[in-house]
Amino acid sequence: MARIAGVNIPTQKRVEIGLRYIHGIGPHIAHKIITQLGIDPARRVSDLTESEVIQIREIIDRDFLVEGDLRRDVAMNIKRLMDLGCYRGLRHRKNLPVRGQRTHTNARTRKGPAKAIAGKKKVTK
C-alpha cells in the first residue's frame, strides 16, 4: 500500500483515481502529476515501483498544498473573514449559506433540522 502525504492510497485503483484520495488533489491535478512523470493512466497503484512513488511524493510536496496544510489554510481564511466582520464572515459565524443562496426555503443542510415555532395556545371554553 502506497502512502503519500500521510494518506494510504488504495492499491487496486488506477493511479489517477488513487491520487484523488489525498485532500487537495482532484481529477485535473492527478492527471497533471501522472503525465508529468510519464506514468500510464491505466496502471494500478500496486504496479508502481518504489521510485515512482517517491517521485509522486516529491512532486506533491514541492508543488501542491495538500491535507493538513490545506485544511489549516482554509480554516485560517474563514477565521480571517469572521474577524473582519465582513458579510461572508458573519454568514460563517451564524452557520448560514455564504454564497447568496436563498434561506426562506431550503438551506436545511447548513441550518440544521427545522425547529417548530412555539405559537399561541388555543383557549378552550
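This is a short walk through one protein model, from its nonpolar core out to its surface.

Okay, hi everyone. Before anything else, please keep in mind that what you have in front of you is a predicted model. I'll start on the inside and work outwards.

So, the core. How many residues does the largest nonpolar core have? The count there is 20, and the residues with the most contacts inside this core are Leu19, Ile22, Ile56 and Ile60. Which elements give two or more residues to it? Those are strand S1, which covers 2-4, then strand S2, then helix H2 at 27-37, and helix H3 at 50-63. Of these, H3 gives the most, with four residues. As general background, in soluble globular proteins nonpolar side chains tend to be buried together.

Let me stay with Leu19 for a moment, since we just met that name among the residues with the most core contacts. If you look for Leu19 in a helix or a strand, you won't find it there: Leu19 lies in the loop between H1 and H2. Is Leu19 buried or exposed? Its relative accessible area is 2%, so it counts as buried.

Now bring in Ile4. Ile4 is in strand S1, and with a relative accessible area of 2% it is buried as well. Ile4 and Leu19 are 15 residues apart in sequence, and in space their C-alpha atoms are 8.4 Å apart. From Leu19 you can also look over to Glu50: that pair is 31 residues apart in sequence and 15 Å apart in space, again C-alpha to C-alpha.

One more distance while we're at it. Find Gly38, in the loop between H2 and H3. Gly38 is exposed, because its relative accessibility is 63%. Gly38 and Glu52 are 14 residues apart along the chain, and their C-alpha atoms are separated by 9.9 Å.

Next, salt bridges. How many are there? The count comes to five. I'll show you three of them, and for these we go to helix H4, residues 67-84.

The first one on my list is Arg71 with Glu67, where the closest N and O atoms are 3.7 Å apart. Both residues are in H4, four residues apart, which is about one turn of the helix. The two partners differ in how covered they are: Arg71 is partly exposed, at a relative accessible area of 47%, whereas Glu67 counts as buried, at 16% relative accessibility. If you wonder why 16% ends up as buried, that's because buried means under 20%.

Then we have Asp69 and Arg72, whose side chains meet in a salt bridge at 2.9 Å, N to O. This pair also lies in helix H4, three residues apart, so again about one turn of the helix. Asp69 is partly exposed, with a relative accessible area of 42%, and Arg72 counts as exposed, at 52%.

The last one I'll show is Lys79 with Asp83, and here the closest N and O atoms are 3.0 Å apart. Lys79 and Asp83 both lie in H4, four residues apart, about one turn of the helix. Lys79 is partly exposed, with a relative accessible area of 42%, while Asp83 counts as exposed, at 57% relative accessibility.

Staying with charge, let's go to the surface. Which residues gather in a patch of positive charge there? They are Lys13, Arg14, Arg20 and Arg44. Take Lys13 as your way in: look in the loop between strand S2, at 7-9, and helix H1, at 15-18. Lys13 is partly exposed, with a relative accessible area of 32%. Residues in such a patch need over 30% relative accessible area and no salt bridge, so at 32% Lys13 gets past the area cut-off.

Finally, two backbone oddities for anyone who likes phi angles. Ala5 has a positive phi of about 55°, although it is not a glycine. You'll find Ala5 in the loop between S1 and S2, and at 23% relative accessibility it counts as partly exposed. The other is Asn106, again not a glycine, with a positive phi near 70°. Asn106 is in the loop between helix H5, at 87-93, and helix H6, at 108-111. At 53% relative accessibility, Asn106 counts as exposed.

That's my tour. If you keep one thing from it, take Leu19: a loop residue that is buried and among those with the most contacts inside the core. Thanks, everyone!

How values were computed
Residues numbered from 1 in each chain as written. Predicted model: local features only at pLDDT ≥ 70, side-chain atom pairs only at ≥ 80, totals over all residues. Heavy atoms only, no water. Patch = residues over 30% accessible without salt bridge, like charges linked within 9 Å, V, L, I, M, F, W, Y side chains within 5 Å. Areas by Shrake-Rupley, 256 points an atom, 1.4 Å probe, with all protein chains shown as cover. Salt bridge = Lys/Arg side-chain N within 4 Å of Asp/Glu carboxyl O. Lys, Arg positive; Asp, Glu negative; His and termini not counted. Charge placed at Lys NZ, Arg CZ, Asp CG, Glu CD. Buried < 20%, exposed > 50% of the residue type's maximum accessible area, 1.4 Å probe, protein only. Core = buried A, V, L, I, M, F, W, Y, C linked by side-chain atoms within 4.5 Å.
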